[in-house]
Amino acid sequence: MNVALRVLLLVTLLLPGLAMAAQNDAVRAFPPSWWVGMKNPDLQLLVSGPGIGADALTVELPEGVVRIGDRALASPNYRVVDLRIDAAAKTGDIVLRFIGRNGERRVLVPLAERRVGSAEREGFGPKDAILNLMPDRFANGDPSNDRVPGMLEAAELGNGAARQGGDIAGLANSLDYIAGMGFTMVWPTPVVENNQPAYSYHGYAITDLYRVDPRFGSNADYRDFVAMARAKGVGVIQDIVPNHIGHHHPWVKDPPTPTWISNGNQFIETQHGRTAVTDPYAPKVDIENFQHGWFHTTMPDLDQRDPVLARYLDQNAIWWIEYADLSGLRVDTYGYSDTAFLQGWIGAILREYPRFTIVGEEWSNNPAVVAHWQLPGMDWAGEVPGTPSLMDFPLSEGIRKALTEPEGFTTGMGRVHEMLGNDRLYADPSRLVVFEGNHDKPRIFSVLREDPAALRVALGLVATLPRIAQFYYGTEVLMTSTVERDDIAARRNFPGGWPGDAASAFTGKGLTPEQRATQDWMRRLLRWRAESKAIAEGSFLHYQPRQGAYVYFRRTDDEAVMVVVNRGSAPFVFERERFEQGLEGAQRANDVLEGRAIDLNAKPSFAPGSITILRLSPAAE
């Protein structure tokens, strides 16, 4: 076939798709589809298109769907159409026809059945181990999308400030590795469109809340990836950002209403006053600045007090959960959002998915600040739900500090012990997420002076304390960074994710013996954790550390686990008398990672700088 004929055939095949793309660019409805059987029968469609606010509107609706109103907004390029969907409504297309100076324009919103069991889906919890990764930095499975026409930034492999080319195909190709390591949940940083001129790889400056960034793949690719992960026993947590957008979002030039973007669409920087919301002495002006100041000049703050915007954000979260079959949401810059909006947003999601998990990022090392967002959940009968889960920055930072400072009554392991004593502040501390690292922190291996033994202590604590456990990609193969925060250094590419990589974490090729040993140790730890009921749902009892020795117990009726951490300079000799309450008469134990049997009556010794996880034999054995 000659070149001219090939071109003609390609154009012929693409013309219908190009026509549809042009139509969709001209008129779009948000959300782009919906489902019958939602607890909230009302659907708000925000329709965008040049001059659409002045057009005449006719609608064709499936049986059981009624139009309850429509209204133009301040911008002539937006229109709101309000519908009510009966629980017994028929599926089919909602057809909106707009007729005006631009002729007739039509938009279709498919209405489908929900997948079986969708409302009863279970979110993640203490049984789970989460892998946090950056899709752009994990694996490049499809080099053809490294450069996409119309996207402002292309991949530039080797430039740490630019995109590297990792994508959803790379994540899909890595699922055997992720599941094989023992992770039961994966949390990628945002995958939706970030058409920003720089630093678009991290995903937190969104320019389209309903579209997967084409440099990662398509919406269908993402949905398929979630299904593939679920088939391998791995749930997907979507990172979502209701607080702000990227400054190249169309809303910045043309906001639907004057109150859509905070401060009249003018940059006023937040002063990051995280305690303002909980401080009984805080003036209103400080609360206003924290929750409605802009996070950055490139990240305009959304004013969620606008009712149309608030409903848009409610439906956006629900749409992704239902469309992609998600297992959870991680909410960026959580406390920066308007408090009343957050309460309504959480309530809207939990009404549709009562067992779903939402984890908020409240980046504070003060337990009282973190606890504030979860405590309303104690009154589930009321109208103000709490956040099911929060990132446990206080405990996570406490672990980092504990492993880099001398032992004392309130330092070292004493710091961890004391921080856990604050659990009385939380509505449900077991549903907090403790982590050894994330995309905003220096890598823990570097913080611990590249000491593999200290790293194992950190990983063991995260895996066995009464929390949901989260780990950062590459920790298992001793990836390093600077000790102070440097995002480029902490977000380097995962080894083996790119053709030509000298080393591969996926295959073990080129890894050092210490890297392979740490990876194997962590794999054994997480696989054991996934099977342990004592870790997933057991009680917790811990003893005040002495000379760096910290001992705690996790227990159910069927299983008892004892963890011994020794950060002292000498071996810790275990004398059972002090620990009888935790032992409950157990005489023997088995090291779950090393397989050795231990006689608890023989004063066993635990090496300095070690963590040992023991399954206790019942007292009768």
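The side chain of His-202 reaches the backbone oxygen of Tyr-199 at 3.2 Å. A polar atom of that side chain also lies 3.0 Å from the backbone nitrogen of Tyr-204. These values come from a predicted model. His-202 is found in the loop between β11 (192–193) and β12 (208–212). Its relative accessibility is 13%, and buried means under 20%, so His-202 counts as buried. Not counting residues up to four places away in sequence, His-202 touches Met-134, Thr-189, Pro-190, Met-299 and Arg-491.

A second histidine, His-439, lies in the loop between β17 and α14 (444–447). Is His-439 buried or exposed? At 1% relative accessibility, it counts as buried. The side chain of His-439 has a polar contact with that of Tyr-204, and another with that of Asp-440. Leaving aside neighbours within four places in sequence, the residues in contact with His-439 include Asn-132, Met-134, Trp-187, Thr-189, Tyr-204 and Arg-491. Among the others are Arg-330, Tyr-472 and Asp-487. His-439 and Ala-490 are 51 residues apart in sequence, but their C-alpha atoms are 6.7 Å apart in space.

The polar contacts of the two histidines are set out below.

| Side chain | Partner | Distance |
|---|---|---|
| His-202 | Tyr-199, backbone oxygen | 3.2 Å |
| His-202 | Tyr-204, backbone nitrogen | 3.0 Å |
| His-439 | Tyr-204, side chain | 3.1 Å |
| His-439 | Asp-440, side chain | 3.4 Å |

The next topic is the sheet. Strands of a sheet pair through backbone hydrogen bonds, either parallel or antiparallel. Here eight strands form an open sheet with parallel pairing, in the order β16-β15-β14-β13-β10-β9-β18-β17. The edge strands, β16 (389–390) and β17 (433–435), each pair on one side only. Strand β9 (residues 129–133) and strand β18 (residues 468–472) pair in the parallel sense over four bridges. Helix α15 (residues 452–464) packs on the sheet and touches β17 and β18. The direction of α15 makes about 145° with that of β18.

Within this pair of strands, Leu-131 stands opposite Phe-471 in β18. Leaving aside neighbours within four places in sequence, Phe-471 is in contact with Leu-131, Phe-183, Leu-459, Val-462 and Met-522, among others. Phe-471 also belongs to the largest nonpolar core, which has 161 residues. Which residues touch the most other members of this core? They are Tyr-222, Phe-225, Leu-329, Trp-345, Ile-349, Ile-399 and Phe-471. Helix α9 (residues 307–324) gives the largest share of the core, 12 residues. A second, separate core has 18 residues, including Ala-549, Phe-553, Val-564 and Leu-600.

Aromatic rings form a further set of contacts. A pair of aromatic rings is described by the distance of the centres and the angle of the planes. The count comes to 35 aromatic pairs. The rings of Trp-319 and Tyr-323 have centres 4.6 Å apart and planes at 5°, so this pair is stacked. Both residues lie in helix α9, four residues apart, about one turn of the helix. Trp-319 and Tyr-323 are both buried.

The rings of Tyr-473 and Phe-494 have centres 6.2 Å apart and planes at 65°, so this pair is edge-to-face. Tyr-473 lies in the loop between β18 and α16 (487–490), and Phe-494 in the loop between α16 and α17 (513–531). The two are 21 residues apart, and the pair links distant parts of the chain. Tyr-473 is buried, and Phe-494 is too. Ring pairs also link a cluster that includes Phe-30, Tyr-210, Tyr-222, Trp-319 and Tyr-323.

Technical notes:
Residues numbered from 1 in each chain as written. Predicted model: local features only at pLDDT ≥ 70, side-chain atom pairs only at ≥ 80, totals over all residues. Heavy atoms only, no water. Pairing = 2+ DSSP bridges. Contact = heavy atoms within 4.5 Å. Axes fitted to C-alpha atoms, helices over the stretch in contact; angles between N-to-C directions. Core = buried A, V, L, I, M, F, W, Y, C linked by side-chain atoms within 4.5 Å. Buried < 20%, exposed > 50% of the residue type's maximum accessible area, 1.4 Å probe, protein only. Polar contact = N/O pair within 3.5 Å; in protein donor to acceptor, adjacent residues only side chain to side chain. Phe/Tyr/Trp six-rings, centres within 6.5 Å; stacked < 30°, edge-to-face > 60°.
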